[in-house]
Structures are given as C-alpha cells and as structure tokens.
Amino acid sequence: WLVIDRNVYDVSKFSKQHPGGSRVISHYAGQDATDAFVAFHNDKALVKKYLKCLLIGELAPDQPSFESNKKKALLEDFRELRCTVEKMGLLKPNYAFFFLIFLHLLVLDAASWLTVWYFGISLVPFLVGIAFFTIAQIQMGWFQHDLGHCSVFRKPNWNRLLQMIVINVLKGLPASWWNHLHNQHHAKPNCFRKDPDLNMHPLLFSLGKTLSVEVNRNKKYLMKCLSSPTSPLQCPLIFFSLEKRRRSSCLTIISINISSVTVYILLCNQEEKVVGKH
C-alpha cells in the first residue's frame, strides 16, 4: 500500500505491470508517494484512470501524509518551489538547443572515424580520433539522460524513440537497462538498498557516518548487489536484456560492438597496406 494525495492505494498486483518497473513503486510501500508520483507522471489525467481501481481508502484526518523522519515545512517549501518553477516555464524545453546538441555529437562521432580513416592510425591521428570519440560518447550520455527523463519532447514516445537511437545504436547500451536503474535512483536518491547508484560506491570508500555504518552492517547485501545482473558495476547488459525479454536491446548491443570492432580491423588492415606500399 502507498499514499498519493492522502488516498491509499493497493498496488500489490499492479506493481508487476507498472511501466516504470516493480522496484520503483515498491520502494514507496507503506509511505507517501505524492511527490514521486507528481515528478514521474507528466500526463496525470491518464494515470489517475488506472488509480481508480486501486483505491482502497484514505488517511484519517489526524493521520499525517508524510513519514516521521521528514519535516513538513521542508516538504511544503519543495512543493511551492516546484509550482513556481512550472509557472515560470523553466521546465519547457528549448528545441533549438537540443537539436544543436544532437547535431554536434553526431559531427564529433563522425569526425573521430574520419580522422583515423583519412590520416591513418599513427599516434597523433589516433589520439585525436580518441578525443573526438570520447567527447561524443560523453555528450551522448547526457543527451540520452534528458531523453530518458522525457524532458526534450512533450510526448514520451518521441523521447523514448530518440533515446533508443542515441544510447542503443550510438553507444551500444540498452535504454531499458539505464531507465531501470535511473528511475530507482530518482525515486529514492542516495537511499542505501534502494538507490542502485550506491551499489558500486562503497567498493573504494564511503562518505558520511550514516552510509559507512550501513555498509558495514550490510556486507552480505552489498556483495549480492555487486553480483546482481542489474549491478551498474559489472554491467552484463546482454544478460539483463534477456532477463527482461528485451531481445531487440540485446541484438543492438551485439551489433554495435561487432560493427565497431569490424571498422577498427578494416582501418588497421588499410594502414598495413599503406605502410607496405611505402
């Protein structure tokens, strides 16, 4: 059970069909999920149609709609700030900006391969090509991050489609894997056991008294996370795609890696032929 706007919903069965994954919604079991619900769902009118059949009651008048470890004043300030940001139009995307972002990362990616193809794989062209390629890959990561948040286009499907092109085709990573982890991160940011970004963090060090104590107490849980198919450290992405029945993502990962290796081998062979002629 969870609470949204003081209404209590039983999502026990629905959680398995939840588009954002069962883990995201289960992280709020027994808690108030109002702010997370507002942040994750743009078309609230559509979502509320599905909520009607899950409604089982509402909180008593004297029952607070927030956890005891949260401050009411802070929650009210946050909600007021969000309303102000929306009214000011700060969440509306600039299409020209995102178009230029997409264009420049395509140019950098093409330049990386053309540099090596035209000048050969000697040290300087190779390093320049690596620089172009690395910058392009980093920019692709941030661009698909905005697409994953559905913050570029108004319609979520357009965001998902372009995200798949950027992260699946250009980066060789499954969008479903990234969304699966990143949705949990924003649902419970920096919460041990719930934020996947913390699964890899305590390997080298842990910051703060709270996290350090939690890590020490939960060593078995930590090792389980690190050996999990969804662990961002190990990233056996193919196994994750098969587990989630995302065969298209699996084929994309395999094809992009095969094509990259093939192009590199062809460039090396071309360089050897040029050297042999001289």
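This is a short walk through a predicted model of one protein chain, from its overall make-up to a few individual residues.

Thanks for coming, everyone. Let me start with the whole chain. There are 278 residues here, and buried ones make up 33% of them. The secondary structure comes to 12 helices and three strands. If you take contacts between residues at least 6 apart in sequence, 59% of them join residues at least 24 apart.

Now to the nonpolar cores. The largest one has 13 residues. Which of its members have the most contacts inside it? Those are L2, I4, Y9, V11, Y28 and L51. Three elements each supply at least two residues of this core: strand β1, residues 2–4, helix α1, residues 22–26, and helix α2, residues 34–40. There is also a second, separate core of 11 residues, and L105, A136, L147 and V152 are among its members.

Let me stay with the largest core for a moment and pick out two of its residues. L51, leaving aside neighbours within four places in sequence, is in contact with I4, Y9 and F37. Please keep I4 and Y9 in mind from the earlier list, where they stand with L51 among the residues with the most contacts inside the core.

The other one is V11. You will find V11 in the loop between β2 and α1. Is V11 buried or exposed? Its relative accessible area is 8%, so V11 is buried. Beyond its neighbours within four places, V11 is in contact with L2, I25 and L54. V11 and L54 are 43 residues apart along the chain, yet their C-alpha atoms are separated by 6.5 Å.

V3 tells a related story. V3 lies in strand β1, and because its relative accessibility is 11%, under the 20% cut-off, V3 counts as buried. Not counting residues up to four places away, V3 touches V8, Q31, D32, A33, T34 and L59. Measuring along the sequence is one thing and across space another: V3 and E58 are 55 residues apart in the first sense and 8.1 Å apart, C-alpha to C-alpha, in the second.

On to the helices, with α6 as our guide. In general, two packed helices are described by the angle between their axes and the distance between the axes.

First, α5 with α6. Helix α5 covers residues 95–119, and its axis comes within 8 Å of the α6 axis, crossing at roughly 155 degrees. That angle is over 145 degrees, so α5 is roughly antiparallel to α6. The crossing of this pair is left-handed. What kinds of residues make the contact of α5 with α6? They divide into 17 nonpolar, six polar and two charged.

Next, α6 with α7. Helix α6 runs over residues 123–148 and helix α7 over residues 156–170; their axes come within 9 Å and cross at roughly 155 degrees. This makes α6 roughly antiparallel to α7, and α6 passes α7 in a left-handed crossing. From α6, the contact uses Q137, M140, F143, Q144, L147 and G148, while α7 brings N159, R160, L162, Q163, V166, I167 and L170. By type, the residues of this contact are seven nonpolar, five polar and one charged. You may recall L147 as one of the residues of the second core.

Then α6 with α8. Helix α8 spans residues 175–187, and it packs with α6 at an angle of about 70 degrees, the axes being 11 Å apart. Here α6 is roughly perpendicular to α8, and the crossing is right-handed. On the α6 side the contact is made by Q144, H145 and G148, and on the α8 side by W178, N179, H182 and H186. One of the residues in this contact is nonpolar, six are polar and none is charged. Q144 and G148 belong to this contact, and they also appear in the contact of α6 with α7.

Last, two backbone curiosities. D5 has a positive phi of about 55 degrees although it is not a glycine. D5 is found in the loop between β1 and β2, and it is partly exposed, with a relative accessible area of 46%. C150, in the loop between α6 and α7, has a positive phi too, near 55 degrees, and is not a glycine either. Is C150 buried or exposed? At 14% relative accessibility, C150 counts as buried.

That's my tour, and I'm happy to take questions.

Key
Residues are numbered from 1 along each chain as its sequence is written. This is a predicted model: local features need pLDDT of at least 70, side-chain atom pairs count only at pLDDT 80 or more; totals for chains, interfaces and linings use all residues. Side-chain values use heavy atoms; hydrogens and water are left out. Axes are lines fitted to C-alpha atoms, for helices over the stretch in contact, and angles run from 0 to 180 degrees between N-to-C directions. Helices (H or I, at least four residues) and strands (E, at least two) are DSSP runs, numbered from the N terminus. Angles under 35 degrees count as roughly parallel, over 145 as roughly antiparallel, 65 to 115 as roughly perpendicular and the rest as oblique. A crossing is left-handed if the near helix is turned anticlockwise from the far one by less than a right angle, and right-handed if clockwise. Contact means heavy atoms within 4.5 Å. Ala, Val, Leu, Ile, Met, Phe, Trp, Tyr, Cys and Pro count as nonpolar, Asp, Glu, Lys and Arg as charged, and the others, Gly among them, as polar. A nonpolar core is a set of buried Ala, Val, Leu, Ile, Met, Phe, Trp, Tyr and Cys residues joined through side-chain atoms within 4.5 Å. Buried means under 20% relative accessible area, exposed over 50%, partly exposed in between (1.4 Å probe, protein chains only).
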